[in-house]
Amino acid sequence: MDFRKEELIQHPVSRIQNPESSIQNPESSLVTCHSTHPMKHTQPSPWTILAASGLVLQGGCAPKDQISHEENRDKPNIVVILADDLGFGDLSCYGAVRLHTPNIDRLAAGGLRFSNGYCTAATSTPSRFSLLTGQYAWRNDRARVLPGDAPLLIDPSVTTLPGMLQDAGYVTGIVGKWHLGLGTGTIDWNRPVQAGPNQVGFDYSYIMPATNDRCPTVFIENGIIVGLNPLDPITVNYKENFPGEPTGKDYPDRIRMGLTQGHAGTIVNGISRIGFMKGGTRARWTDENMADTFLLKAQEFITANSDRPFFLYYALHEPHVPRVPNQRFVGRSGLGPRGDAILEADWAVGEFLERLDELGLIHSTLVIFTSDNGPVLDDGYADQAMELNGSHTPCGPMRGGKYSLFEAGTHVPFIVSWPGTIQPGISDALVCQVDLTASFAALVGQPNPGPDSENVLEALLGRSPAGRTCLILENGNGRTVLRENEWIMIPPYPGRQLYEDVNIETGFSVDYQLYNLILDSGQKENLAAHKTEKLNQMVEELKRRR
Ligand code: NG6
Ligand code: CA
C-alpha cells in the first residue's frame with residue numbers, strides 16, 4: 001500500500017483551511033473532516049484498548065529489561081521530526097502559496113494540523129532543551145544558543161523524554177542537529193565524547209554537534225567523530241584561530257557565500273563558520289550531502305528496530321543557515337537557497353515516511369512534525385533570502401520571527417499523524433513541544449518526569465479540543481511572555497525594538513503589551529490600557545509561575 005497516495009485520496013489537501021482563519025479560540029471545538037465531535041469517529045487503537053483494559057504498566061515499576069515483547073507489542077513507535085528555523089507560514093498546508101511542500105502536506109492531511117502549536121523558545125538550544133526534558137529553559141541560565149564546544153546542558157541524572165521512553169521499553173535514537181552541548185569541560189574530539197545524547201536517554205545517536213554554521217563541522221556517531229583519520233587529529237577553539245588556518249574574515253576571496261553578520265571563522269566546504277577548527281579534514285561534512293546522510297541514518301534506525309517500539313528524534317538542519325541544499329534542489333523553489341532548503345526538507349520527510357510505509361509501520365507509528373523556532377531571512381550569510389523572498393510570508397499572519405517575543409518566534413507548524421488512530425483534521429488546542437514528555441508518558445504508562453510538561457495527549461490524538469490554558473514562552477534569552485487561552489501578555493522589557501542585523505522586531509517595549517490572538521493574530525492592537533483587569537491577572541499569573 002502506498003500510504004501517501006491512500007491518504008491523499010481519503011483526505012485531500014484542499015480540505016485544510018487557511019491558517020488566517022484557523023488561529024482560533026483554543027476553546028472552540030476541534031474540527032475534523034467528519035465531525036465536530038472529537039470522540040465520535042476516532043477508532044480505538046490496539047494500544048488504547050490495552051490501556052483501557054488496565055494492562056498498561058503503571059508507574060514505571062517494571063525495569064525495562066523486565067518488559068516483555070508481549071507487553072510492548074502494541075506500543076506505537078514515536079517519531080519527532082524537528083525542522084530548524086521553519087516558520088508557521090513556510091508550508092503549503094499552513095497557507096504558503098509560493099512554496100509547495102507536498103510531503104509534509106500529506107502528513108498534515110492524514111493527521112492533525114494544529115493552529116496553536118508552539119516551541120518554548122525563539123532559538124534552538126532552549127527550545128530543544130524543553131522538548132527533550134519537559135522543562136522550561138528559562139529555569140536554566142545556560143540554556144542559550146550554545147557554541148559548538150559547550151558542555152552538555154542536560155543533567156544526566158535527570159529523566160528525559162527519551163529516557164522515560166527507554167524505561168517503557170523503547171529503543172531510542174537521535175539523528176540530526178543536537179545543539180545541547182557535549183562533554184563536561186574541554187573536549188578532546190579525538191576520543192569518544194563522554195557526555196552527550198547517549199548519556200541522556202538515547203541508545204543511538206548520529207548528530208551534528210551544534211548548528212550547521214558552527215564548528216566542528218563533523219558528524220558524531222555514538223560519541224565518535226565519523227570518518228576521523230587519527231593521523232589528522234581535530235582541534236576546536238571558540239576564542240582564537242589556529243596559526244595558518246584560513247578564515248572567512250582573512251580570506252573573503254576563498255568563500256563562496258558572502259557574509260552579512262558574524263560567521264567569520266574557519267572556512268569549511270567554501271563556507272566560513274562560527275568558531276575555529278584545525279585538522280579532521282577527512283571527517284568534515286559536505287553541506288550538500290547533509291540531508292541525504294541524515295535521511296539514510298534515520299531510515300537505517302527505523303529499519304533496524306522495526307520489530308520493537310522505537311522513538312526517533314529526527315532533527316533536520318533545514319532551513320537554518322548556511323542554506324546549501326543538494327544540487328537536486330537548487331533553483332527549485334524560485335525563492336533562493338532558503339526556499340530550496342525547505343523543499344529539500346520536504347523531500348526528506350517524504351522519503352522517510354515512504355520507508356516507514358515499506359516497513360509496514362505507518363499505522364503503528366505516531367509522527368510529529370514541528371520546528372524549533374520561527375523563521376529568519378538574513379541570518380548572517382548573503383544568500384539572497386531577503387531579495388528573492390518576494391511575496392512569501394514565512395511567519396504566516398504573525399508578527400516577529402526567530403529571536404522575537406512576538407508570536408512568530410515560537411508559534412510554529414505542529415502536525416501530529418497516526419493513521420488509523422488519529423482522525424484527520426485541524427485542531428485549535430494550545431499545545432507545546434514541552435508537553436510531549438508528559439503526553440508520551442501518559443501514552444506509554446510511565447510517570448511524567450517533565451516538571452513543566454502537561455499531559456495534552458487527548459488533544460494530540462484529536463480526542464479533545466482542549467490543550468493547555470497557560471503557556472510561558474521565551475525569546476531565547478530568558479525573557480518571557482504569558483499565553484493564556486487567546487490572550488498573550490508581554491511584560492515591559494528595556495531595549496531596542498528591532499534586531500537590525502536580522503531585521504526582526506524584538507517585541508520589547510517599555511509598556512505592557514496585551515493582545516487577543518483570535519481577533520488580532522498579527523499583534524497590531526495593544527489592549528493593555530483597555531483591558532486592565534485581564535492584564536493585571538496575567539501579570540500576576542506570570543509572576544506566580546516564574
Ligand atoms: C546566531 C547566528 C545565527 C544562528 C543563531 C543560532 C551570527 C551573526 N548569528 O548567533 O546565524 O547560528 O545564532 O540559531 O552568528 S539557532 O537556530 O541554532 O538558534
Ligand atoms: Ca533554530
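## Ligand 1 and the spaces in the model

In this predicted model, a polar side-chain atom of H263 comes to 3.0 Å from an oxygen atom of ligand 1. Of the 450 Å² of accessible area that ligand 1 has on its own, the protein covers 85%. Two further side chains also have a polar atom listed against an oxygen atom of the ligand, and the table sets out the three distances together.

| Residue | Partner | Distance |
|---|---|---|
| K177 | oxygen atom of ligand 1 | 2.9 Å |
| H263 | oxygen atom of ligand 1 | 3.0 Å |
| H179 | oxygen atom of ligand 1 | 3.5 Å |

**The shell around the ligand**

Around ligand 1 there are 19 residues, and those that come nearest are S124, D213, R214, D379 and K402. Sorted by class, this shell is made up of 4 nonpolar, 8 polar and 7 charged residues. Two domains contribute to the shell, with at least three residues drawn from domain 1 (1–12 + 27–62 + 82–227 + 284–468) and at least three from domain 2 (235–278).

**The largest pocket**

Which pocket does ligand 1 take up? The space taken by the ligand is the largest pocket of the structure, and the volume of this pocket is about 510 Å³. Its lining consists of 26 residues, among which V145, R214, D379, K402 and Y403 lie nearest the centre of the pocket. By class, the lining of the largest pocket comprises 6 nonpolar, 13 polar and 7 charged residues.

**Enclosed cavities**

Rolling a probe the size of a water molecule over the atoms reveals where empty space remains. How many cavities of 30 Å³ or more does the structure hold? There are 5 cavities of 30 Å³ or more, and the largest cavity has a volume of about 70 Å³. The residues that line the largest cavity include N212, D287 and M290, together with H317, E318, H320, P322, R323, V324 and P325, and also A341 and E344. When the lining of the largest cavity is divided by class, 5 residues are nonpolar, 3 are polar and 4 are charged.

Note on methods
Residues are numbered from 1 along each chain as its sequence is written. Chains are lettered from A and ligands numbered from 1 in the order in which they are written. This is a predicted model: local features need pLDDT of at least 70, side-chain atom pairs count only at pLDDT 80 or more; totals for chains, interfaces and linings use all residues. Side-chain values use heavy atoms; hydrogens and water are left out. A residue is near a molecule or strand if one of its heavy atoms lies within 4 Å of it. A polar contact is a pair of N or O atoms within 3.5 Å; within protein, one must be able to donate a hydrogen and the other to accept it, and residues adjacent in sequence count only if both atoms are side-chain atoms. Accessible areas come from the Shrake-Rupley method with a 1.4 Å probe; for residues, only the protein chains shown count as cover. On a 1 Å grid over the protein atoms alone, a cavity is a set of points where a 1.4 Å probe fits but cannot get out, and a pocket is an open set with protein on both sides within 12 Å along at least five of seven lines; lining residues have an atom within 4 Å of a point. A molecule sits in a cavity or pocket if more than half of its atoms lie within 2 Å of its grid points. Ala, Val, Leu, Ile, Met, Phe, Trp, Tyr, Cys and Pro count as nonpolar, Asp, Glu, Lys and Arg as charged, and the others, Gly among them, as polar. Domain bounds come from an automatic or database domain assignment. Grid points are joined across faces, edges and corners, and a volume is the space filled by probe spheres set on the points.
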